[in-house]
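Trainee: I would like to learn how to read a ligand site and a few backbone features in a model like this one. Could you take me through them step by step?

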Amino acid sequence: MSERVLESSLPEDLNNPLARILGIESSCDETAAAVVENGRVILSSAVASQVDLHAQFGGIFPEVASRQHILSIYPIVDQALKEAHLKLTDLDGIAVTRGPGLPGSLVVGINMAKGLVIGSGLPLLGINHLEGHLYSAWLGEEGQKLGEPPRFPLLALIVSGGHTELILMKDHLTYEWLGGTLDDAAGEAFDKVARLLELGYPGGPAIQEAAAEGNPTRFDFPRAWLDDSYNFSFSGLKTAVLRTVQQLEKQKSSLPKADLAASFQAAVVEVLFKKTIQAAGEYQTSDILVAGGVSANQALRKKFKAQRKYRVHIPPLALCTDNAAMIAGAGCFRYFAGQRDDLEMDAAPSWSIADL
Ligand code: KG4
Ligand code: ZN
């Protein structure tokens, strides 16, 4: 398989690039573009975050997001090319997030990519956003020594605002889906509980900050083990936090927000960690990969890094939340596997990684 060529030629052979791919990401609330070489080296990565824009509403308004993507997309692509010191003609392909995501946001990136493809004749590659999150674990900065790439088979946990997925990655681009959330995604639970505690938006970083001062054992919030399956459920936990808040308010007590945040975070982290370790044991993998916005969480990172049985790969913070380097990275591996999409390619807002 062509990825074998890629693996064996890296990281020593970087003077002779096999592929430079421009990635474009606009599935949610970041407009991003990046250039990645050989699926591993970030030549540039530009992200325009809409966080401040959406913070005033306490969440993402799809129409506001897509309008902002339209304003940001051209300057961001331009910035990514300039920072990589490359022209379109120096590239080998254009990868863009096809889904899952907000339909009106996805089409902005896809139309930009199609326009560039029409103008340049370069191949178009539609990428699954969650596959992008996985490939963020292969990336490193230009000029820095690349880390050891993850080894197959590996157990992958994707935890983002919209997804909680446990996946057995058998080889490059080869997945077996083991389970996912039955209700709220892990990031969504962070966002909803943060709103409940009036900690601000986005909820993940706000809960993490509040939890740093709190006692994680003060409230014994429920963990949904779901008969030891590889599925997840966070709605019961969210309701338990709500009930506790209501009780405390009824007693006219001031809310111990730090303890509530810390106890909630501990419950989420314990379930994510234990189910991932259980799956890695059952499928006998030596490597674990954790990716997606919630993998930026310090308590979760610490928990995985504290165990010694598995090699753990968690991307650096800037690559945990949405970015385009991960799309370009996955795009490189798809390019080597021969994927080419045509201009009929449309957005796939509900594209499951289980369908890859
Ligand atoms: O991957 P991502 O940037 O976007 C999606 O694809 O959804 O993930 C965003 C999610 C949000 O729910 C945000 O609250 C959460 O990741 N998040 C965190 C942290 N940083 C971001 N959750 C917990 N702790 C964090 N430090
Ligand atoms: Zn994401």
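Mentor: Let us begin with a term: a pocket is an open set of grid points, computed over the protein atoms alone, with protein on both sides within 12 Å along at least five of seven lines. Please keep in mind throughout that this is a predicted model.

Trainee: With that definition in hand, which pocket is the space taken by ligand 1?

Mentor: The space that ligand 1 takes is the largest pocket. A shell of 19 residues surrounds ligand 1, and those that come nearest are G161, D191, G204, Q208 and N297.

Trainee: Which helices each supply at least two residues of that shell?

Mentor: Helices α5 (129-135), α6 (186-196) and α7 (203-211) each do so, and the largest share, four residues, comes from α7. By residue class, the shell around ligand 1 divides into 13 polar, four nonpolar and two charged residues; glycine is counted among the polar ones in this scheme.

Trainee: Why does ligand 1 lie between domain 1 and domain 2?

Mentor: Ligand 1 lies between them because domain 1 (20-139 + 319-355) and domain 2 (154-314) both give residues to its shell.

Trainee: How should I read the polar contacts, and which atoms of the protein lie 3.0 Å from an oxygen atom of ligand 1?

Mentor: A polar contact is a pair of N or O atoms within 3.5 Å. Here a polar backbone atom of G204 is 3.0 Å from an oxygen atom of ligand 1, and a polar backbone atom of G293 is likewise 3.0 Å from an oxygen atom of the ligand. From H133 it is a polar side-chain atom that takes part, at 3.1 Å from an oxygen atom of ligand 1. As for burial, ligand 1 taken alone exposes 550 Å², of which the protein buries 89%.

Trainee: Turning to the backbone, where do cis peptide bonds occur?

Mentor: As a general idea, most peptide bonds are trans, and most residues other than glycine have a negative phi. In this model a cis peptide bond joins G99 and P100, with omega about -10 degrees, and P100 has its place in the loop between β4 (93-99) and α4 (103-120). Another cis peptide bond joins F152 and P153, with omega about -5 degrees, and P153 is found in the loop between β6 (140-141) and β7 (154-159).

Trainee: And what is phi of E198, positive or negative?

Mentor: Phi of E198 is positive, near 55 degrees, in a residue other than glycine, and E198 is placed in the loop between α6 and α7.

Conventions
Residues numbered from 1 in each chain as written. Chains lettered and ligands numbered in written order. Predicted model: local features only at pLDDT ≥ 70, side-chain atom pairs only at ≥ 80, totals over all residues. Heavy atoms only, no water. Near = heavy atom within 4 Å. Polar contact = N/O pair within 3.5 Å; in protein donor to acceptor, adjacent residues only side chain to side chain. Areas by Shrake-Rupley, 256 points an atom, 1.4 Å probe, with all protein chains shown as cover. 1 Å grid on protein atoms, 1.4 Å probe; cavity = no way out; pocket = protein on both sides within 12 Å on 5 of 7 lines; lining within 4 Å. Sits in = over half its atoms within 2 Å of the grid points. Domains from an automatic or database assignment.
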